[in-house]
Amino acid sequence: MNIGEAARASGVSAKMIRYYEETGLIPPAGRTGSGYRTYGPKEVQVLRFVRRARDLGFPMEKVGDLLALWRDRERASADVKRLAEGQIEALETRIREMMEMKAALEHLVHACAGDARPDCPILDDLGGRVAANHCSTTKN
């Protein structure tokens, strides 16, 4: 099948397939006599593997590690579990950071009256200035 068909079958865009090949994450596809990439069921399975790993948030280097473990029938499942546990920790850190960002943004939104005045603690914060109640709910 061609790259478009492989993209549809795997759920990975043709652009990402090319990128994965360029970065060495997946081996280069076979080529027809006229230079078009060709893919078979095995390559589509690898692309699905990569897509699922990316859907679970694994960074590219860890996807490469997972692919290597997947291909290695002598590997210990403990190695795979260790990678997955590391990913859980990374996700927990990201979730915590995102919750902190959300709380900070909620605080800034609450501090701003959202009226016709140009002063606003949201923009002050983004600009690095400490807000001094510029957007209080009282009118001047």
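Is Arg37 buried or exposed, and what is its relative accessible area? In this predicted model, Arg37 belongs to strand E2. With a relative accessible area of 18%, Arg37 falls under the 20% limit and is therefore counted as buried. The side chain of Arg37 makes a polar contact of 2.8 Å with the side chain of Glu21. When neighbours within four places in sequence are left aside, the residues in contact with Arg37 are Met1, Asn2, Ile3, Arg18, Glu21, Ala29, Gly30 and Arg31. Among these residues, Ile3 is one of the buried residues of helix H1, and Glu21 is one of the buried residues of helix H2.

The arrangement of H1 and H2 was examined next. Helix H1 spans residues 3–10 and helix H2 spans residues 14–23; the two pack at an angle of about 100°, and their axes are 9 Å apart. An angle from 65 to 115 degrees counts as roughly perpendicular, and H1 and H2 are therefore described as roughly perpendicular to each other. On the H1 side, the contact is formed by Ile3, Ala6 and Ala7, which meet Ala14, Ile17 and Arg18 of H2. Of the residues in this contact, 5 are nonpolar, none is polar and 1 is charged.

Helix H1 has four buried residues to consider, namely Ile3, Ala6, Ala7 and Ser10. Because they cover an arc of only 105° around the axis, these residues lie on the same side of H1. This pattern can be related to a general property of helices. An α-helix has 3.6 residues a turn, so residues three or four places apart point the same way. The cover over the buried residues of H1 includes H2, strand E2 (37–38) and helix H3 (41–55). At the start of H1, a side-chain oxygen of Asn2 comes to within 3.0 Å of the backbone nitrogen of Gly4. After H1 comes Gly11, which has a positive phi, near 80°.

In helix H2, the buried residues are Ile17, Tyr20 and Glu21. They span an arc of only 100° around the axis and are therefore placed on the same side of H2. On the other side of H2, Lys15 and Glu22 are exposed. The buried residues of H2 pack against H1, E2, H3 and helix H4 (60–71). Glu21, one of these buried residues, is also the partner of Arg37 in the side-chain polar contact described above. Just after H2, Gly24 adopts a positive phi of about 85°.

Helix H4 contains Leu66. With a relative accessible area of 10%, Leu66 is buried. Not counting residues up to four places away in sequence, Leu66 touches Phe49, Ala53, Phe58, Val80 and Leu83. Leu66 and Leu83 are separated by 17 residues in sequence, and the distance between their C-alpha atoms is 7.9 Å. Phe49 and Ala53 fall within the residue range of H3 (41–55), and Val80 and Leu83 fall within that of helix H5 (residues 77–111).

Two further residues were considered in H5. Gln87, which is found in this helix, is buried, with a relative accessible area of 8%. A polar atom of the Gln87 side chain lies 3.3 Å from the backbone oxygen of Leu56. Gln87 touches Leu56, Gly57, Phe58 and Pro59, residues up to four places away in sequence not being counted. Phe58 is thus touched by Gln87 and is also among the residues touched by Leu66.

Arg82 likewise lies in helix H5. The side chains of Arg82 and Asp79 are joined by a polar contact of 2.5 Å. Asp115 stands 33 residues from Arg82 in sequence, and the C-alpha atoms of Arg82 and Asp115 are 52 Å apart in space.

Key:
Residues numbered from 1 in each chain as written. Predicted model: local features only at pLDDT ≥ 70, side-chain atom pairs only at ≥ 80, totals over all residues. Heavy atoms only, no water. Axes fitted to C-alpha atoms, helices over the stretch in contact; angles between N-to-C directions. Parallel < 35°, antiparallel > 145°, perpendicular 65-115°, else oblique. Contact = heavy atoms within 4.5 Å. Nonpolar A, V, L, I, M, F, W, Y, C, P; charged D, E, K, R; others polar. Buried < 20%, exposed > 50% of the residue type's maximum accessible area, 1.4 Å probe, protein only. Arc of directions from axis to C-beta. Polar contact = N/O pair within 3.5 Å; in protein donor to acceptor, adjacent residues only side chain to side chain.
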